[in-house]
Amino acid sequence: METSSEIELCLINLQIGCMLRLARLKQNLSQHSLGMKIDYTSTMIGRVERAESVSGWDKIYVISRFLRIDFKSLFALKSLEALLLIVDESFNLEVKLTQEKIDYYNFLKKTLKVQYELLEKERKTKR
C-alpha cells in the first residue's frame, strides 16, 4: 500500500481550502454568511480555507455539502496548474480586495509552487 507523504497531505489541505473558497465566492457568500447558514463561525471557515490547521473531515463534509461540492473530489490531488487556476479564479471573484488579501494570494501561489517542487523531488528519490 502506498503511503502519503507529509508534503502530499499539506497540498491536499491547501487544495481543500482553495476549492471551498472558490465555491463560496462563486455563490457570492462571505465567510460570515456561510458560517451562519451551517452554524460555524467565520473564523473557523477562514481557517479551513487558509489551511491553517488540519480540519476534521466532518467540518469539511458539512461545508462541501452546503456548497454543493463533491466531498471526494476534494481529496484527489490536482496538478499545480489546476490549483493555480483555482487560486486565480478566487482572486478575481474577491469583492473586498485588500492589500492583506493580495499578499495572501501571492503567498498561497508561492507556497503551492514550493510544495509541488518538494513533492517532485520526493517522488524522484523514491524511484
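1. A crossing of two helices is called left-handed if the near helix is turned anticlockwise from the far one by less than a right angle. In this structure, which is a predicted model, the crossing of α1 and α5 is left-handed. The axes of these two helices come within 9 Å and cross at roughly 35°. The contact draws on Gln15, Cys18, Met19, Arg21, Leu22, Leu25 and Lys26 from α1, and on Leu83, Ile86, Val87, Glu89, Ser90 and Leu93 from α5.

2. Two of the residues listed at that contact, Lys26 and Glu89, also form a salt bridge, in which the closest N and O atoms are 3.4 Å apart. Because Glu89 lies in helix α5 (residues 80-93) and Lys26 in helix α1, the pair ties together parts that are 63 residues apart in sequence. As for their surroundings, Lys26 is exposed, with a relative accessible area of 53%, whereas Glu89 is partly exposed at 34%.

3. The structure holds seven salt bridges, and one of them joins the side chains of Glu49 and Arg24, with a distance of 2.6 Å from N to O. Glu49 belongs to helix α3 (residues 42-49) and Arg24 to helix α1 (residues 6-26), so this pair links parts of the chain that are 25 residues apart in sequence. Glu49 has a relative accessibility of 2% and therefore counts as buried; Arg24, at 6%, counts as buried as well, the cut-off for this class being under 20% relative accessible area.

4. A further salt bridge is formed by Lys101 with Glu94, whose closest N and O atoms are 3.1 Å apart. Glu94 is buried, with a relative accessible area of 14%, while Lys101 is partly exposed, its relative accessible area being 29%. Turning to bridges that share partners, Arg21, Arg24 and Glu49 are joined by them into one network; Arg21 is, in addition, one of the α1 residues that make the contact with α5.

5. Helix α1 also contains Asn13, and this residue counts as buried because its relative accessibility is 13%, where buried means under 20%. When its neighbours within four places in sequence are left aside, Asn13 is in contact with Ala51, Ser53, Val54 and Ser55. By way of a longer reference distance, the C-alpha atoms of Asn13 and Lys59 are separated by 13 Å, the two residues being 46 residues apart along the chain.

6. On the surface, Trp57, Tyr61 and Val62 make a nonpolar patch of about 310 Å². Trp57 lies in helix α4 (residues 57-66), and with a relative accessibility of 60% Trp57 counts as exposed, since that class begins over 50%.

7. Taken together, these points return repeatedly to helix α1. Its residue Arg24 is paired with Glu49 of α3, its residue Lys26 is paired with Glu89 of α5, and its residue Asn13 has contacts that include Ala51 and Ser53. A reader checking the model might therefore begin with one question: at which angle do the axes of α1 and α5 cross, and within what distance do they come? The values are roughly 35° and 9 Å.

How values were computed
Residues numbered from 1 in each chain as written. Predicted model: local features only at pLDDT ≥ 70, side-chain atom pairs only at ≥ 80, totals over all residues. Heavy atoms only, no water. Salt bridge = Lys/Arg side-chain N within 4 Å of Asp/Glu carboxyl O. Helix = DSSP H or I, 4+ residues; strand = E, 2+ residues; numbered from the N terminus. Buried < 20%, exposed > 50% of the residue type's maximum accessible area, 1.4 Å probe, protein only. Patch = residues over 30% accessible without salt bridge, like charges linked within 9 Å, V, L, I, M, F, W, Y side chains within 5 Å. Areas by Shrake-Rupley, 256 points an atom, 1.4 Å probe, with all protein chains shown as cover. Axes fitted to C-alpha atoms, helices over the stretch in contact; angles between N-to-C directions. Contact = heavy atoms within 4.5 Å.
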